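Please open the model in your viewer, show it as a cartoon, and keep a selection box at hand. The stops below go from the whole chain to single residues.

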Amino acid sequence: MDPYVTITLGGSRHPVTLRTKTDSGAGSDPVWNEVLRFDVVSEHEARIEVWDYDVFSADDVVGGATMSLLPVFKAGVRDHWFRLALRSEWGRIEAAGEVYI
């Protein structure tokens, strides 16, 4: 697996998405050690998604989570493990790992 993370702020009107570099060949234990900076105006949540980069086809979503930004407003940083989930083809929500933000 060649994973990367996207973080999206904003609703459907003007979303802003930043992404990490792809950790090629990382398998199920990737490490990014990157800082992604956003200007937060009125958003209260961010969407975190982990993707698997594919060269010859569309990238596959591994899982996602929604992060509240209220702790960031209070402490200036977020230090937390987020459980990722993915909706299966039959509509069930399934665990898809964790990501540390």
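Contact, as the word is used on this tour, means heavy atoms within 4.5 Å. Please also keep in mind that what you have on screen is a predicted model.

**The whole chain**

Begin with everything selected and colour by secondary structure, which should bring out one helix and six strands. Followed from the N terminus on, the elements run β-β-β-β-α-β-β. The radius of gyration of the chain is 14 Å, close to the 13 Å that the globule rule gives for 101 residues, so the chain is as compact as a globular protein of that length. If you draw a box along the principal axes, the C-alpha atoms fill roughly 40 × 30 × 25 Å.

Now switch to a surface representation, where the chain exposes about 7,200 Å², with carbon and sulfur atoms supplying 52% of that area. Of the 101 residues, 26% count as buried. Among the contacts with a separation of 6 or more, 36% are accounted for by residues 24 or more positions apart. Colouring by charge will pick out 10 positive and 16 negative side chains, and the centres of these two sets lie 9 Å apart.

**Stop one: Ala65**

Select Ala65, which lies in strand S4, residues 60-68. Is Ala65 buried or exposed? With a relative accessible area of 7%, Ala65 falls under the 20% limit and is therefore buried. Expand the selection to what Ala65 touches beyond four places in sequence, and you will find Ala46, Arg47 and Ile48, together with Phe82, Arg83 and Leu84. To put these partners in place, note that strand S3 spans 45-52, while strand S5 spans 81-87. For a distance to draw from this stop, take the C-alpha atoms of Ala65 and Arg78, which are 13 residues apart along the chain and separated by 14 Å.

**Stop two: Thr8**

Move next to Thr8 in strand S1, residues 3-9. Its relative accessibility of 19% is under 20%, so Thr8 counts as buried. Which side chain makes a polar contact with that of Thr8? Showing the side chains as sticks reveals the partner as Thr17, at 2.8 Å. Beyond four places in sequence, Thr8 touches Thr17 as well as Pro15, Val16, Ala46 and Arg47. Ala46 and Arg47 will be familiar from the previous stop, where they appeared among the residues that Ala65 touches.

**Stop three: Asp2**

From Thr8, go back along the chain to Asp2, in the segment before S1. Asp2 has a relative accessible area of 25%, which lies between 20% and 50%, and so the residue is classed as partly exposed. Leaving aside neighbours within four places in sequence, its contacts include the run Thr22, Asp23, Ser24 and Gly25, and also Trp51, Asp52 and Tyr53. A line drawn from Asp2 to Trp32, C-alpha to C-alpha, spans 12 Å, with these positions 30 residues apart in sequence numbering.

**Stop four: the loop between S2 and S3**

Select the loop between strand S2 (16-19) and strand S3 (45-52), and centre the view on Asn33. At 77% relative accessibility, Asn33 is over the 50% limit and therefore counts as exposed. If your viewer reports backbone torsions, look at phi of Asn33, which is near 50°, a positive value in a residue other than glycine. Most residues other than glycine have a negative phi.

Glu43 is found in this loop too. Its contacts, apart from neighbours within four places in sequence, are with Leu9, Gly10, Leu69 and Phe73. Glu43 and Val55 are twelve residues apart in sequence, yet their C-alpha atoms are 33 Å apart in space.

**Stop five: Val77**

Finish with Val77, in the loop between helix H1 (70-75) and strand S5 (81-87). With 53% relative accessibility, Val77 is over 50% and so counts as exposed. Not counting residues up to four places away in sequence, Val77 touches Pro71 and Val72. As a last distance, pick the C-alpha atoms of Val77 and Ile101, which are 24 residues apart in sequence and 9.2 Å apart in space.

Key. Residues numbered from 1 in each chain as written. Predicted model: local features only at pLDDT ≥ 70, side-chain atom pairs only at ≥ 80, totals over all residues. Heavy atoms only, no water. Helix = DSSP H or I, 4+ residues; strand = E, 2+ residues; numbered from the N terminus. Rg over C-alpha atoms; globule rule 2.2 N^0.38 Å. Buried < 20%, exposed > 50% of the residue type's maximum accessible area, 1.4 Å probe, protein only. Areas by Shrake-Rupley, 256 points an atom, 1.4 Å probe, with all protein chains shown as cover. Lys, Arg positive; Asp, Glu negative; His and termini not counted. Charge placed at Lys NZ, Arg CZ, Asp CG, Glu CD. Polar contact = N/O pair within 3.5 Å; in protein donor to acceptor, adjacent residues only side chain to side chain.
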